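Here are some worked exercises on helix packing and chain contacts. Try each task with the structure open before you read the solution.

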Amino acid sequence: MDELGALLHGFGVALSWYNVGMMAIGIVLGIVIGVLPGLGGPNGVAILLPLTFTMQPTSAIIMLSCIYWGTLFAGAITSVLFNIPGETHSVATTFDGYPMAQQGRAGEALTASFTGSFIGAFVAVLLITFLAPLVAKFALRFGPPEFFAVYLLTFCSFVGTGKDPAKTIISMMIGFGLAAIGMDTVSGDLRMTFGWSELLRGVDFLVVVIGLFGLGEILLSMEEGLAFEGKNAKINLKVVLQTWKQLPKYWATLIRSSAIGCWMGITPGGATAASFMGYGIAKKFSPRGSKFGTGEVEGVIAPETAAHASGTAALLPMLALGIPGSATAAVLLGGLMIWGLQPGPLLFVEQKEFVWGLIASMYLSNIAGLIIVLTTVPLFAAILRIPFSIIAPIIIVVCAIGAFTVHSAMLDVWLMILFGIVGYVMKKLDYPLAPLVLSLVLGDRAENAFRQSMLASRGELSVFWSNSLVGTITTLALVMLFWPALSAAWRRLRGSKRAVA
Amino acid sequence: MDKDRETAAPMRGAVSERTVGVVMAIVFFLIGVVMIVDNYRIGAGWASDGPQAGYFPLRIGVIICIAAAVVVFQTLRGERGKAFVTFARLRHVLVVLVPTIVFVLAIKFLGIYVASALFIAAFMRAMDRFSWLKTIVISIGVSAMLFWMFELQFLVPLPKGPLEAMFGY
């Protein structure tokens, strides 16, 4: 077992005082970010990324990934206590979490959701530990056509699983367009800079993320008029132990939700879809399913386990293939490139210490995270009682600073505001934002893979079907792309059959 | 889920979702056109050494145009009368957006720390009428903390103005 040896070494890396400290800071910051409106996983990580430029990559990614875990945990706090999902993936948690809080069982609901999150994440980390190296080893054989095919599969599955294909495509293509701005790395030509020298270096994805998710979210919360009226959270050891005692009863739900989450995380379905699916399936299969929505513990566990499993599993394709499974993973991937690491399967060969340090830190930080959230919930719930008139300007100031520090340029701050407005409008019109971030981060890499394969094949598109591996992936991608049309046709076919019968 | 929110908003005194949806799609369409034109200029064809710089982006532009046309069509066929935002709510948005723009403008002249303190103070006074003492303590406190964190701890230089210059930074 190579993996176990490597993992043990990874624990050695992650367990230094400095890295454990970074873990704790990351989780606490993550919870704060997750609890606050307008700050979430992607832009929280994006704002703090510039601060890590000078840090060791391993410590930096440990801290940033811990912020991510923190935001995942935090979603449950606002959902249960305030009936306001801090993140979209915790919407499903409000269905049973808030009724439980109203019945005075907030402590039970929170304990159940945190523990469910922990179990989901743990399963996903186990999966990463054993599956990621295999995937990476397999992917070492990939050439440019294979990589382009995998990118294509990622993008196509977004289109295929999205609610509105046309809007998903626009969002994704805008991301590609933004990625193309600036100096073309292959030919040195200037693309879409319109004679503006400040656009030479392109539009940084961090600035876009901070604008879309940060300022955009603030504008949205302002419009909807936030009023936080929360229930009190009391968690003591007795409640925790009592809740834990009844958890084994829900083993089937835990396993189902973990599996759904892992699958949705690896394929870019996302934590939000995973949490709804986890909830829906638990409702269908549970003997108490009809009572869901009135304050069932199982209804809290199911979505939280799936969301956390999916959020964690999203790092698997990021580490093994260099393809992020979620918006936050996309930002982390951007971080890798900034720290001078080349994402992709070679990471497992060339940066063993980094990869296994990160994986080991996932085990540790989820345990640490569980302890921290269980002990400090009242503190974080108090943050939400700070008036919005103080929180909102501080978040905007932090967004502005975050955008400025990327390149020390005022233009970026203006771009951040522009993307804030765009994000607000796009969100209201139901344009998905994750595809935009994904293609903005991956755009250059996808284009390079495409151009390299075209160079090798002298412009023959048939290179994408030149061997069984690349052919399978490309075909799969096209199936995913036309999935909505295919499934509609299938349904019509079956419908007409039934009509005949 | 979306329905409750939309039906609650009365149609009077509101911008309709159709209008905004169509305008946004047209904006995307125009972006697509700009991409096509600009990338055609630098060469979007096939050179002897493979695809030219504009090859990929030009096709992206074409896809945007097609998808935007589909969205315009869908939106026009979709239901009427849904409100995008009522004017009353739009005011809430502008109450944040306009001061934010002023704040970013002010960064250039005052530096980010002074501008931030004024920005936070303005919000606290205007929205919730906090007492002057609380306003001053919190706004200056936050700015001072940011200064400590960025200038002193992380050594990340942010835009500074005349006040910081007086203290020799």
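**Exercise 1.** In this predicted model, work out how helix H6 (residues 106–139) of chain A is oriented against helix H10 (residues 237–246) of chain A.

*Solution.*
1. Start with the geometry: the two axes come within 9 Å and cross at roughly 55°.
2. Now classify the angle. It makes H6(A) oblique to H10(A), because an angle counts as oblique when it is outside the ranges under 35, 65 to 115 and over 145 degrees.
3. Add the handedness: H6(A) and H10(A) cross in a right-handed sense.
4. List the residues in contact. H6(A) brings Gly107(A), Glu108(A), Thr111(A), Ala112(A) and Thr115(A), and these meet Val239(A), Val240(A), Thr243(A), Trp244(A) and Gln246(A) of H10(A).
5. Sort them by character: this contact of H6(A) with H10(A) has four nonpolar, five polar and one charged residue.

**Exercise 2.** Do the analysis for helix H9 (residues 205–224) and helix H20 (residues 434–457), both of chain A.

*Solution.*
1. The axes of H9(A) and H20(A) lie 10 Å apart, at an angle of about 175°.
2. H9(A) and H20(A) are therefore roughly antiparallel, since the cut-off for that class is over 145 degrees.
3. On the H9(A) side the contact uses Phe205(A), Val208(A), Val209(A), Leu212(A) and Phe213(A), and on the H20(A) side Leu436(A), Val437(A), Leu440(A) and Val441(A).
4. The residues of this contact of H9(A) with H20(A) divide into nine nonpolar, no polar and no charged.

**Exercise 3.** Stay with H20 of chain A and explain how Glu447(A) and Arg451(A) are placed along the helix.

*Solution.*
1. Their side chains form a salt bridge, with an N to O distance of 2.7 Å.
2. The two residues are four apart in helix H20 of chain A, so about one helical turn separates Glu447(A) from Arg451(A).
3. For context, the whole structure has three salt bridges over all chains.

**Exercise 4.** Describe the contact between chain A and chain B, beginning with the area buried.

*Solution.*
1. About 5,300 Å² is buried between the two chains, and carbon and sulfur atoms give 82% of that area.
2. Chain A puts 56 residues into the contact and chain B puts in 65 residues.
3. The count of salt bridges between chain A and chain B is zero.
4. Now zoom in on one helix pair. Helix H18 (residues 388–407) of chain A packs with helix H6 (residues 132–153) of chain B at about 25°, their axes 12 Å apart.
5. H18(A) and H6(B) are therefore roughly parallel, and their crossing is right-handed.
6. The residues involved are Ile390(A), Ile394(A), Val397(A), Ile401(A) and Thr405(A) of H18(A), with Ile138(B), Val142(B), Leu146(B) and Phe150(B) of H6(B).
7. By character, this contact of H18(A) with H6(B) has eight nonpolar residues, one polar and no charged.

Technical notes:
Residues are numbered from 1 along each chain as its sequence is written. Chains are lettered from A and ligands numbered from 1 in the order in which they are written. This is a predicted model: local features need pLDDT of at least 70, side-chain atom pairs count only at pLDDT 80 or more; totals for chains, interfaces and linings use all residues. Side-chain values use heavy atoms; hydrogens and water are left out. Axes are lines fitted to C-alpha atoms, for helices over the stretch in contact, and angles run from 0 to 180 degrees between N-to-C directions. A crossing is left-handed if the near helix is turned anticlockwise from the far one by less than a right angle, and right-handed if clockwise. Contact means heavy atoms within 4.5 Å. Ala, Val, Leu, Ile, Met, Phe, Trp, Tyr, Cys and Pro count as nonpolar, Asp, Glu, Lys and Arg as charged, and the others, Gly among them, as polar. Buried area is the accessible area (1.4 Å probe) that two parts lose on being put together, summed over both. A salt bridge is a side-chain nitrogen of Lys or Arg within 4 Å of a carboxyl oxygen of Asp or Glu.
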